[in-house]
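Thanks for sending this one over. Here are my notes, in numbered points, to read with the model open beside you.

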Amino acid sequence: MIPLPNIGPRPLQTNDILLRDFSSYLSLERGMSDNTLTAYRTDVGRLCEFLTLQNIALTNVDDILLHNFIASLYDIGISPRSVARTLSGIKSFFKFLRLENYIAIDPTQLLEAPHLERSIPDVLSIEEIDSMINAIDDRKDEALRNRTIIELLYGSGLRVSELVNARLSHLNLDRQYMIIEGKGSKQRMVPISPIAEQLLRQYIPTRRFLNIKPEANDIIILNRRGNKMTRVMIFYILRDLALQAGITHNVSPHTLRHSFATHLLEGGASLRTIQEMLGHESIATTEIYLHLDRTHLREQLLQHHPHYRTTPTD
């Protein structure tokens with residue numbers, strides 16, 4: 001094999017061009033979501049602003065300078081969690097610069113993320129979830145849709161972003177599963193509960209009464225205008241139902257996802273099962289639920305979740 005010549009670093013482009021190319025790299029090669037892409041661009045933009053104030057070029061950045069930048073974030077009151085996310089974006093940016101041969105050495109290799117205390121997520125009891133469902137006004141047109149939303153978030157542990165993008169073409173009601181596209185465009189197969197199956201069989205035919213937008217034709221959950229629902233809209237639906245049910249602590253779509261995982265663990269499901277259901281890449285992410293484990297781990301998913309053990313009523 002003939003060795004490639006060492007042609008040296010490429011000429012560095014303007015920050016705007018680098019950010020544009022970085023965005024393309026994140027989207028096309030790493031499959032990141034629009035939200036993550038926007039966050040990473042903001043993080044790198046903050047670094048570029050810091051460097052501009054000091055008249056320092058990206059080619060001259062070293063680990064000491066980056067430590068000073070991180071320290072400046074703490075000085076203005078940025079939380080450790082936000083600093084860790086900013087550092088993740090900056091590491092991805094310099095990895096991109098190294099891959100594209102704009103720099104010879106990645107200055108982020110020796111940077112360490114701040115230590116984060118893992119917070120215990122809010123969890124609803126089964127009674128609280130049932131009270132939210134009972135608070136739905138069946139006289140309203142969106143009642144069936146809202147019941148379906150709660151059941152998919154709680155019964156299958158979906159992220160709200162996964163719910164709003166769930167597709168009819170990825171749904172198999174006869175076998176009670178759906179294909180979900182999670183973070184990084186990674187797909188996984190998720191079982192749906194008998195209750196969710198029944199609700200979906202009732203809800204899906206009602207979509208024909210909507211003026212469905214062409215781009216939303218394959219989307220399961222729609223708003224009244226026939227378009228894909230937003231995450232914020234679902235947050236407000238859950239917040240209002242929680243208030244009507246007399247639940248005083250904050251309730252969000254993620255609360256139902258946490259409740260799903262916690263109730264599975266308490267029922268005896270293994271962490272590995274929960275990890276696969278939630279779409280966590282690392283089991284370490286799932287271990288946050290261990291503080292709630294009050295039973296011996298026994299069998300797997302379909303035997304442990306309360307909505308899988310419940311027979312739907314007519």
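1. Let's begin with confidence, since this is a predicted model. The mean pLDDT of the chain is 81, and 81% of the residues reach 70 or more. Over residues 292-301, however, the pLDDT is below 50, although this stretch has 27 contacts in the model beyond near neighbours in sequence. Residues 1-8 also stay under 50, and for them the model has two contacts beyond four places in sequence. Where pLDDT is low, the predicted coordinates should not be read in detail.

2. Now the overall build. The chain has 314 residues, and its secondary structure comes to 13 helices and three strands. Of the contacts with a separation of 6 or more, 64% are between residues 24 or more positions apart.

3. What share of the residues in the chain is buried? The figure is 44%. As for the outside, the accessible surface comes to about 17600 Å², and carbon and sulfur atoms account for 51% of that area.

4. Please have a look at helix 11, which covers residues 271-278. Why does this helix count as largely enclosed by the rest of the structure? Six of its eight residues are buried, so the surrounding structure largely encloses it. Those buried residues are L271, T273, I274, Q275, M277 and L278, a list in which you will find Q275 and T273 alongside L271 and M277. Just after the helix comes G279, with a positive phi of about 75°.

5. N146 deserves a stop too. You will find it in helix 6, which runs over residues 143-156. Is N146 buried or exposed? Its relative accessibility is 9%, and because the cut-off for buried is under 20%, N146 counts as buried. Leaving aside residues up to four places away in sequence, N146 touches I136 and I237.

6. My last point concerns helix 9, residues 231-244, where Y236 sits. With a relative accessibility of 40%, Y236 counts as partly exposed, because that class lies between 20% and 50%. Which residues form a nonpolar patch on the surface with Y236? They are V232 and F235, and together the three have about 270 Å² of accessible area.

Terms used. Residues numbered from 1 in each chain as written. Predicted model: local features only at pLDDT ≥ 70, side-chain atom pairs only at ≥ 80, totals over all residues. Heavy atoms only, no water. Helix = DSSP H or I, 4+ residues; strand = E, 2+ residues; numbered from the N terminus. Buried < 20%, exposed > 50% of the residue type's maximum accessible area, 1.4 Å probe, protein only. Contact = heavy atoms within 4.5 Å. Patch = residues over 30% accessible without salt bridge, like charges linked within 9 Å, V, L, I, M, F, W, Y side chains within 5 Å. Areas by Shrake-Rupley, 256 points an atom, 1.4 Å probe, with all protein chains shown as cover. Salt bridge = Lys/Arg side-chain N within 4 Å of Asp/Glu carboxyl O. pLDDT = per-residue confidence, 0-100.
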